[in-house]
Amino acid sequence: GPWLHHALLAPFGLSTSVVANRVLSQVALRSAIALGVAAVVAIAKRYAAARRETLLAGALASVALVLAAYTNPVALGLHPVAHESVVLAAALFFLVDWDRRSAHVRWLLVILLPAAGFLAKQSAGPALALALTLACGRSVLALAAWLSLGVTALALHVVSGGHFTEWGVSLLGAQGLGGGGNLGAALGGVVVPFL
């Protein structure tokens, strides 16, 4: 999270500005809400001829997604979950019409989404790789999602001289249920609506 903020704000000389970091998080949260609502609209359009109950369920899913993405803008002002929410909402948006996407777009998404999720917050990477595996079924694309995740983690390990693995994986793994809860929340955010 801090590295992502630094990378996005350093070109403007604002990486140490608390205000700029909070604004960046707010932009991320609002983007997540917009992508989440767009995903629900896409679902509603796809099933426009469906029964009233289906459309009501879509509306309720939209409300739940908005509330989940915009949990607490003050407490989460500098938390990586703001950027994780954007990536998870984008993945949901792209998974809605997965079967209608071209092979080139599918390959691009399978490579970029797990990597982007992992860069935003470690728990989002495996959640997105799993969601894409479910979407791809038994194909090379499913394997590519996990390879993308592995290559991203390895690159962070090498670039940080091993410190990323020490802090970003070992420390979180030692938290027990707390670390697992984050992965569970990410899995619920993408995999459950996809199913």
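Begin with the whole chain in a cartoon view, where nine helices and zero strands are assigned, in a model that is predicted. Following the sequence from one end to the other, the pattern reads α-α-α-α-α-α-α-α-α. If you colour the 195 residues of the chain by accessibility, the buried ones make up 36%. In a contact map of the chain, residues 24 or more positions apart account for 71% of the contacts with a separation of 6 or more.

**Helices 4 and 5**

Next select residues 81-96, which form helix 4, together with residues 103-120, which form helix 5; their axes lie 8 Å apart and the two pack at an angle of about 160°. Because angles over 145 degrees count as roughly antiparallel, helix 4 is described as roughly antiparallel to helix 5. The crossing of helix 4 past helix 5 is left-handed. To display the contact itself, show the side chains of His83, Glu84, Val87, Ala91 and Phe94 on helix 4, and on helix 5 add Leu109, Leu113, Ala116, Gly117 and Ala120. Coloured by class, the residues of this contact between helix 4 and helix 5 separate into seven nonpolar, two polar and one charged.

**Leu95**

Stay on helix 4 and pick Leu95, which has its place there. Is Leu95 buried or exposed? Leu95 has a relative accessible area of 5%, and it counts as buried because that value is under the 20% cut-off. Then draw a distance from the C-alpha of Leu95 to that of Leu132, which should read 8.0 Å, although the two residues are 37 residues apart in sequence.

**Helix 7**

Move on to residues 140-159, the 20 residues of helix 7, whose end C-alpha atoms are 28 Å apart; this agrees with the 28 Å that the helix should span at 1.5 Å a residue. Within helix 7, highlight the buried residues, which are Leu141, Ala142, Ala144, Ala145, Ser148, Leu149, Thr152 and Leu156. For reading such a list, recall that an α-helix has 3.6 residues a turn, so residues three or four places apart point the same way. Just after helix 7, inspect the backbone of Gly161, which takes a positive phi of about 65°.

**Thr152**

Finally, centre the view on Thr152 in helix 7, a buried residue with a relative accessible area of 10%. Which residues is Thr152 in contact with, leaving aside its neighbours within four places in sequence? They are Ala115, Phe118 and Leu119. As a last distance, join the C-alpha atoms of Thr152 and Gly125, which are 9.3 Å apart in space and 27 residues apart in sequence.

Technical notes:
Residues numbered from 1 in each chain as written. Predicted model: local features only at pLDDT ≥ 70, side-chain atom pairs only at ≥ 80, totals over all residues. Heavy atoms only, no water. Axes fitted to C-alpha atoms, helices over the stretch in contact; angles between N-to-C directions. Helix = DSSP H or I, 4+ residues; strand = E, 2+ residues; numbered from the N terminus. Parallel < 35°, antiparallel > 145°, perpendicular 65-115°, else oblique. Left-handed = near helix turned anticlockwise from the far one by under 90°. Contact = heavy atoms within 4.5 Å. Nonpolar A, V, L, I, M, F, W, Y, C, P; charged D, E, K, R; others polar. Buried < 20%, exposed > 50% of the residue type's maximum accessible area, 1.4 Å probe, protein only. Expected span 1.5 Å × (residues − 1).
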